Amino acid sequence: MSSALRRHWFIVLTGALVVTILLIIVYQIWWGSNKLPVLDRAPSFTMSDMYGNRVSLRDSDGKVRLVSFHYTHCPDVCQATNFNLIRVQQKLKEQGVLQDKVLLMTITFDPKRDTEQVLQQYTAIRNIKPDGWLFLRGTPEQTKRVLDGFKIFAEDQSNGIFVHSNELFLLDGNKNIRAIYKMGSSMDNEQIVKDINNLLED
């Protein structure tokens with residue numbers, strides 16, 4: 001083989017190698033930027049739903065979970081959050097992933113007043129469907145452990161009003177917290193659904 005031909009093939013192979021390396025780098029950057037980080041570990045808990053059924057977080061391992069907190073007498077942010085979660089629920093239902101692959105879990109700060117009957121009335125009045133969405137309550141001790149585990153602040157002001165943190169949490173199938181969102185009217189529902197789908201492909 002002539003030296004000119006050898007140089008030609010050397011250039012071709014070198015170019016192909018450079019292109020391959022660049023493609024790998026671009027893919028890793030793209031994938032890394034879309035892959036949600038592990039932020040923390042969610043606490044294990046066992047509570048009951050609004051029908052009195054025992055619900056353990058462990059029972060839904062393998063599914064993506066969106067965990068939020070509220071109390072039914074909340075005058076503002078909790079109501080706006082649940083209104084947005086209705087939209088998220090509907091979108092996930094349309095995608096065919098609700099219940100089998102994704103669950104919404106809403107835990108009350110106020111289990112003394114938020115009895116099973118109160119939670120049933122609350123969801124019925126707001127036309128909240130139980131499809132893939134669990135409203136949970138525990139004993140005061142269980143509730144405190146869950147709040148502490150998620151690092152959520154909630155304090156009863158002794159007048160029926162709670163001062164509380166305004167975060168909801170996206171959990172993967174291994175109970176890792178992969179994203180934290182602000183509750184309320186400014187929730188980015190599209191981003192939440194996008195992140196959920198991201199975890200389903202993870």
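This briefing walks through the fold, the core, the largest pocket and a handful of individual residues. The model is predicted. Its protein chain folds into 5 helices and 10 strands. Of the 202 residues in the chain, 43% are buried.

**The chain as a whole**

- Among contacts in the protein chain with a separation of 6 or more, 73% join residues 24 or more positions apart.
- The protein chain exposes about 11300 Å², and carbon and sulfur atoms supply 56% of that area.

**The nonpolar core**

- In soluble globular proteins, nonpolar side chains tend to be buried together.
- Here, the largest nonpolar core has 50 residues.
- The residues with the most contacts inside this core are Phe45, Leu66, Phe69, Leu92, Phe150 and Leu170.
- Leu170 is worth a look on screen: leaving aside its neighbours within four places in sequence, its contacts include Leu36, Val64, Arg65 and Leu66.
- Further along the chain, Leu170 is also in contact with residues including Asn176, Ile177, Arg178, Ala179 and Tyr181, and with Asp195, Ile196 and Leu199.

**The largest pocket**

- The largest pocket has a volume of about 240 Å³.
- It is lined by 14 residues, of which Phe109, Thr143, Leu147, Ala154 and Phe162 are the closest to its centre.
- Helix α4 (140–150) and strand β7 (154–156) each supply at least two residues of the lining.
- The largest share of the lining comes from α4, with 5 residues.
- By residue class, the lining holds 7 nonpolar, 1 polar and 6 charged residues.

**Buried residues in strands**

- His70 sits in strand β4, which covers residues 64–70.
- His70 counts as buried because its relative accessibility is 1%, under the 20% cut-off.
- Not counting residues up to four places away in sequence, His70 touches Cys78 and Asn82, the run Thr106, Ile107, Thr108 and Phe109, and Leu119, Tyr122 and Phe135.
- Phe109, one of those partners, is also among the residues closest to the centre of the largest pocket.
- Ser48 belongs to strand β2 (residues 46–49).
- With a relative accessibility of 16%, Ser48 is buried too.
- Beyond residues up to four places away in sequence, Ser48 touches Asn53, Arg54 and Val55, together with Phe135, Leu136 and Arg137.
- Phe135 therefore links the two descriptions: Ser48 touches it, and His70 touches it as well.

**A buried glycine in a loop**

- Gly173 lies in the loop between β9 (167–171) and β10 (176–182).
- Although it is in a loop, Gly173 counts as buried, at 18% relative accessibility.
- Leaving aside neighbours within four places in sequence, Gly173 is in contact with Asp61, Gly62, Lys63 and Arg65.
- The C-alpha atoms of Gly173 and Ser60 are 7.7 Å apart in space, while the two residues are 113 residues apart in sequence.
- Arg65 appears in the contacts of Gly173 and in those of Leu170.

**Helix α3 and the loop that follows**

- Gln117 is placed in helix α3, which spans 116–125.
- With a relative accessible area of 48%, Gln117 is partly exposed.
- From C-alpha to C-alpha, Gln117 and Gly52 are 9.8 Å apart, across 65 residues of sequence.
- Asn127 is in the loop between α3 and β6 (133–137).
- Phi of Asn127 is near 55°, a positive value in a residue other than glycine.
- Asp131 is found in the loop between α3 and β6 as well, and its relative accessible area of 33% makes it partly exposed.
- Setting aside residues up to four places away in sequence, Asp131 touches Gln89, Lys93, Leu98 and Gln99.
- For the pair Asp131 and Gln99, the C-alpha separation is 6.7 Å, with their positions 32 residues apart along the chain.

**An exposed loop residue with positive phi**

- Ser158 is found in the loop between β7 and β8 (162–164).
- Phi of Ser158 is near 65°, again a positive value in a residue other than glycine.
- Ser158 counts as exposed because its relative accessibility, 72%, is over 50%.
- Strand β7, at one end of this loop, also supplies at least two residues of the lining of the largest pocket.

Notes. Residues are numbered from 1 along each chain as its sequence is written. This is a predicted model: local features need pLDDT of at least 70, side-chain atom pairs count only at pLDDT 80 or more; totals for chains, interfaces and linings use all residues. Side-chain values use heavy atoms; hydrogens and water are left out. Helices (H or I, at least four residues) and strands (E, at least two) are DSSP runs, numbered from the N terminus. Buried means under 20% relative accessible area, exposed over 50%, partly exposed in between (1.4 Å probe, protein chains only). Contact means heavy atoms within 4.5 Å. On a 1 Å grid over the protein atoms alone, a cavity is a set of points where a 1.4 Å probe fits but cannot get out, and a pocket is an open set with protein on both sides within 12 Å along at least five of seven lines; lining residues have an atom within 4 Å of a point. Grid points are joined across faces, edges and corners, and a volume is the space filled by probe spheres set on the points. Ala, Val, Leu, Ile, Met, Phe, Trp, Tyr, Cys and Pro count as nonpolar, Asp, Glu, Lys and Arg as charged, and the others, Gly among them, as polar. A nonpolar core is a set of buried Ala, Val, Leu, Ile, Met, Phe, Trp, Tyr and Cys residues joined through side-chain atoms within 4.5 Å. Accessible areas come from the Shrake-Rupley method with a 1.4 Å probe; for residues, only the protein chains shown count as cover.
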